[in-house]
Amino acid sequence: MKALWKKRTCGALAALLMALPVPDLAPIEGTAYAESANLALSKSVTKSSDTSSGRSANAVDGNTGTYWQPLSTDRKDDNHVWLTVDLGMPLAFNKTVVQFRTSTSAIDKYTIQASADGVNWQDIYASGSEQGAIPAIDSRNVGMRQGRYVKLDVTLNDPDRNFQLNEFEIYDTTANPPESVLESVYFAAADGRKLATDDTLTIGVGGGTVISLQGVMSDGRNADLSNATVELSSSKPAIAAVTGSGGISAIQEGVTKLTGKMTVGQTAKETSVWVDVYDPVRNVADFRLRHPSITREIGLPALLNPGDPLPTITAQAAADAALSAELVHVKTNRVLQRIPETALAAGAEKEIAFAEASPLTAPGLYEIRLKLSSPGKPDVYDSFSFTVSDPDADRTGQSAVAFIGDGGRLEYVPDFKGNRVLDFSNSGYMGGGVRLPDVQARVVVEPGEGDDTARIQAAIDRVSQLPQSVEGFRGAVLMKKGTYEIAGSLRINASGVVLRGEGQGEDGTTLYATGATRRDILQIGGTRGAVTLPETKTAVADLFVPSGARSFHVENAAGYKVGDTIIVRRHGSDRWIHALSMDSIVQRPGSGGTQQWAPFDLDFDRVITKIEGNLITVDAPLANSIERRWGGADVYKYDDQDRIEQVGVENLRVDVQFDPSVTSKTMDNGSTDTPYYADENHAVSFAVLGHVKNAWVRDVTGKHLEHALVQMDRGSKWITVQDCTVTDFVSIITGGRRYAFHQSGQLSLVQRNYVETARHAFVVDSRIPGPNVFLEGKSKTDFNTSEPHHRWSVGGLYDNVKSDIAIRDRGWLGSGHGWSGANYVTWNTEGELVSQQPPTAQNYAIGHVGTKVKPFLPNADDPRPRKDAYWESLGAHVQPGSLYKQQLQDRLDAQALQNIARTPVGGGALDVPVMADDLPLLKGIKINGKAMEGFKPSTFDYVVQLPPGTNAAAQVEAHDMRHDMEYIQASHLYGKAVIISRDKKDPAKSVRYTVRFKP
């Protein structure tokens with residue numbers, strides 16, 4: 001039979017092999033059809049169109065495992081698709097090979113043309129019906145031709161059927177075989193192993209190894225290094241340096257890329273590997289759990305059967321230390337066994353084992369808690385988790401990792417490091433489970449003629465000057481029924497202000513955004529969010545804090561107390577980015593421009609609820625694990641006196657003026673069948689909440705917006721958005737538009753909302769610390785998916801959401817979105833769903849009813865494997881029906897569920913404006929015992945400059961004691977103090993005075 005050779009095989013090698021007695025050769029699997037040098041190989045191509053999974057360059061890459069695929073709209077446009085190869089210069093050729101991937105029965109004919117200039121074409125071959133069916137591999141002798149450009153034009157008889165082409169090849173069978181040239185290079189490790197491109201070498205600081213650059217010629221021989229020029233370089237020589245002979249020296253912790261370039265004759269080739277340098281001293285110790293049956297993978301439950309032997313721990317410390325351990329039954333917090341301090345010698349491994357005299361038989365969660373002590377250094381902690389299963393328990397219809405236990409409360413099964421399904425119940429107004437308040441109207445606004453922006457803003461400003469009650473409210477601005485033209489933007493910049501209408505229907509209160517100016521209609525927020533206090537910094541002392549944890553150790557908790565507001569700043573180093581493969585995102589096919597990730601932090605905004613020694617417990621779980629090896633974490637107190645709170649928007653309708661003559665068919669990477677409204681010179685979003693906490697938007701309907709009905713910006717916390725509707729977006733259907741409910745804050749709840757015509761109906765932005773919750777939402781006519789959108793947002797819940805959802809590696813989409821979300825849960829969702837597991841974390845898809853969709857990656861452009869998320873009960877909902885509601889009830893009580901139910905908004909006496917009178921006003925305020933200058937009883941907010949040299953927080957008190965007083969003193973030198981004055985006879989009458997201190 002005729003031998004089939006790889007396209008890159010040199011003709012000299014072919015001649016040599018043909019001169020030897022060899023058996024008949026079969027086609028080489030995965031290679032293109034060829035006899036001699038393929039002139040089209042790796043040349044530049046133009047095309048009628050292509051798709052992300054079938055780029056046109058694939059037709060000339062010499063690999064039949066890839067293919068070119070034009071767009072469906074291209075096929076249907078005129079039944080023609082085409083591909084042109086630029087040979088780089090005019091060349092002679094006499095043979096073409098066309099290799100089709102899809103059935104040729106959908107092809108009417110194809111033609112091949114040649115051109116010297118790409119403008120004037122000469123037909124050199126046309127298939128015809130007299131030749132019968134077109135072969136899957138169609139090789140044609142076309143006579144000796146010459147041209148720089150060669151075009152393949154395919155006429156389809158059924159454009160609804162897909163079309164894919166493996167290879168288009170061009171040959172000159174009369175030419176002499178080309179000279180053997182350098183074809184590829186690779187690094188070889190010290191042990192001789194061949195390293196693939198972008199493999200990783202892991203080396204400790206102070207260590208080293210040797211690599212060598214090897215080459216392969218086009219005839220298959222190894223490159224003669226004596227005739228080669230070799231260049232080796234490190235992208236970050238301060239991390240790891242490489243010598244010209246291949247010696248690598250690890251200098252400091254981090255990641256660098258080593259590039260090797262070999263030149264043989266006129267041909268140069270490159271390859272690269274990564275070097276990941278770790279610092280064993282900084283990482284302190286390495287602990288490994290050992291057991292023959294426990295699953296030791298992040299995100300998968302770690303289970304033991306009753307009576308199984310206990311796990312052991314292999315310990316290795318970087319310096320001499322003492323290790324102690326406890327085996328704890330978590331539910332009872334009972335210590336079952338202790339291992340007293342055991343000496344660890346620097347660098348030596350030691351096995352740590354519990355006594356086997358009493359194997360575990362009681363079902364439940366257990367932890368092995370480790371403490372490492374070194375003289376003169378803070379203690380270091382680590383832990384492992386496992387669950388002893390209950391063989392008698394009936395968990396039918398429930399998840400195996402979050403189920404109702406014997407006590408009627410949820411129980412969780414974590415992985416071996418303690419990572420578990422998060423408790424999302426602290427999300428929402430006032431930390432979840434608190435009824436949205438009904439605030440008394442203070443000012444009424446009626447619709448006017450023309451632009452109403454200034455009149456409404458004046459009413460907001462008037463209420464903003466009123467005193468705050470003990471609950472923090474000033475009052476509501478009530479907008480009566482009718483239409484209000486808004487040509488500008490409205491702003492709520494003070495705490496305690498509510499903007500309320502008289503209904504979200506067409507007969508209610510409508511804000512109509514007029515004009516062609518791009519802006520947000522309503523901006524809510526202070527001037528800045530949480531500001532960390534550097535002097536309060538203390539490091540997290542755990543080697544690993546699991547996602548879902550509320551407690552963690554710090555090196556020194558002496559400066560902290562219960563009630564402190566803190567930032568837990570989780571660091572993500574370049575080593576962590578490398579572990580995610582987010583420093584090697586494949587460039588966008590065809591255009592490039594993909595940005596690799598840089599290290600970043602996640603700031604978890606929390607409140608301390610308990611302190612035991614150096615163990616701190618906070619109000620809400622951490623939504624990402626903290627690992628010392630990836631950068632660890634620090635804790636800071638913070639000040640947020642410029643963040644407003646207790647504000648709301650409710651019971652109204654929003655509409656936007658736009659130009660209906662502006663239309664488009666553009667839709668992301670394709671087009672729509674019919675034109676749609678695409679004007680973008682109009683209002684963008686309705687309510688944007690930034691630097692605000694304990695706020696809400698409820699019972700609002702929006703139409704004709706470009707971006708969002710509600711956007712919760714960074715710096716927002718404890719927001720509830722509920723019972724809203726947004727439809728009929730007006731914008732181009734492409735990136736950055738139509739994000740109906742857009743989360744960029746943390747601990748927020750978006751529930752019972754409805755969306756039409758969005759791209760991303762329920763969406764979370766990048767690097768969002770979480771948790772955040774979407775509950776019982778629904779979307780229709782979606783142009784894309786609800787999702788964490790890009791770059792590692794953590795801790796999101798889609799609970800009973802009816803919408804297409806994607807939690808995945810987005811790769812090069814956008815400008816390098818990569819892994820969009822981690823530690824997400826989809827619970828009893830409906831629609832289409834993608835959920836993948838990112839490295840170092842997990843996502844959970846539980847109780848989904850609908851289609852499990854193939855993810856974007858891996859694909860032909862990036863075939864690197866990705867893991868599925870933790871999928872369970874696909875096709876059937878599980879109990880409890882709602883994860884969030886069950887968690888809320890477990891943490892609080894059944895009343896919490898009533899508190900988040902829908903209730904009437906306003907009406908009755910609440911909408912009759914009342915100005916508070918006979919309030920318990922102060923006569924004066926003392927600061928450190930001295931009267932504050934400039935005090936007025938009817939002025940409620942003050943800024944005081946401290947004298948130079950002040951080194952302690954000032955103390956405030958009322959000048960007189962006629963009323964009941966409550967003081968919240970400043971927590972630090974430049975903090976905010978609050979005085980709450982209540983009438984002794986009528987405590988419902990109250991006033992808040994605030995004093996902010998500045999340098």
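This is a short walk through a few places in the structure, from its nonpolar cores to some strands, a helix and two loop residues. Keep in mind that the model is predicted.

I'll start with the cores. In general, nonpolar side chains in soluble globular proteins tend to be buried together. Here the largest nonpolar core has 63 residues. Inside that core, the residues with the most contacts are I456, F686 and F741. Strand β43 gives the most to this core, with 6 residues. There is also a second, separate core, of 58 residues. V401, I608, L622 and L883 are included in that second core.

L883 takes us to helix α6, which covers residues 883-891. The buried residues of α6 are L883, Y884, Q886, Q887, L888 and D890. At the start of α6, a side-chain oxygen of S882 comes to within 3.1 Å of the backbone nitrogen of K885.

Next, strand β42. How many of the residues of β42 are buried? The count is 7 of the 7, so β42 is largely enclosed by the rest of the structure. Both faces are covered. On one side of β42 the buried residues are A633, V635, K637 and D639, and on the other they are D634, Y636 and Y638.

Now for strands that pair with β42. Strand β34, residues 531-532, runs antiparallel to β42 and is joined to it by 2 bridges. In that pairing, V531 stands opposite D639. Strand β35, residues 538-539, is also antiparallel to β42, again over 2 bridges, and here A539 stands opposite D634. Strand β38, residues 565-572, pairs with β42 in the antiparallel sense over 5 bridges. R569 stands opposite D634 in β42. D634 therefore has a place on a covered face of an enclosed strand, with A539 opposite and R569 opposite as well.

Moving along the chain from β42, we come to D642. This residue sits in the loop between β42 (633-639) and β43 (644-656). Is D642 buried or exposed? D642 counts as buried, because its relative accessibility is 11% and the cut-off for buried is under 20%. Setting aside residues up to four places away in sequence, D642 touches G526, T527, R528 and R996. With R528 there is a polar contact between the side chains, at 2.7 Å. For a sense of distance, take K371, which is 271 residues from D642 along the chain. The C-alpha atoms of D642 and K371 are separated by 40 Å.

The other loop residue is S584. Where does S584 lie? It is in the loop between α5 (574-579) and β39 (600-612). S584 is buried too, because its relative accessible area is 16%, which falls under the 20% limit. A polar atom of the S584 side chain is 3.4 Å from the backbone oxygen of S581. Which residues is S584 in contact with, leaving aside its neighbours within four places in sequence? They are W274, Q596 and R864.

Two more strand arrangements before I stop. Strand β17, residues 285-290, has side chains that alternate. A285, F287 and L289 point to one face and are buried. D286, R288 and R290 point to the other face and are not buried. β17 runs antiparallel to strand β19, residues 312-317, and 6 bridges join the two. One of the facing pairs is A285 with A317 in β19.

The last item is an open sheet of 3 strands, in the order β8-β7-β11, with antiparallel pairing. β8 (194-195) and β11 (212-217) stand at the edges, and each has a single partner strand, so one side of each is left without a neighbour in the sheet. Strand β7, residues 182-188, pairs with β8 over 2 bridges. In that pairing, the bridge partner of A188 is K194 in β8.

To recap the loop residues: D642 is buried and has a side-chain polar contact with R528, and S584 is buried and touches W274, Q596 and R864.

Key: Residues numbered from 1 in each chain as written. Predicted model: local features only at pLDDT ≥ 70, side-chain atom pairs only at ≥ 80, totals over all residues. Heavy atoms only, no water. Helix = DSSP H or I, 4+ residues; strand = E, 2+ residues; numbered from the N terminus. Buried < 20%, exposed > 50% of the residue type's maximum accessible area, 1.4 Å probe, protein only. Polar contact = N/O pair within 3.5 Å; in protein donor to acceptor, adjacent residues only side chain to side chain. Contact = heavy atoms within 4.5 Å. Pairing = 2+ DSSP bridges. Core = buried A, V, L, I, M, F, W, Y, C linked by side-chain atoms within 4.5 Å.
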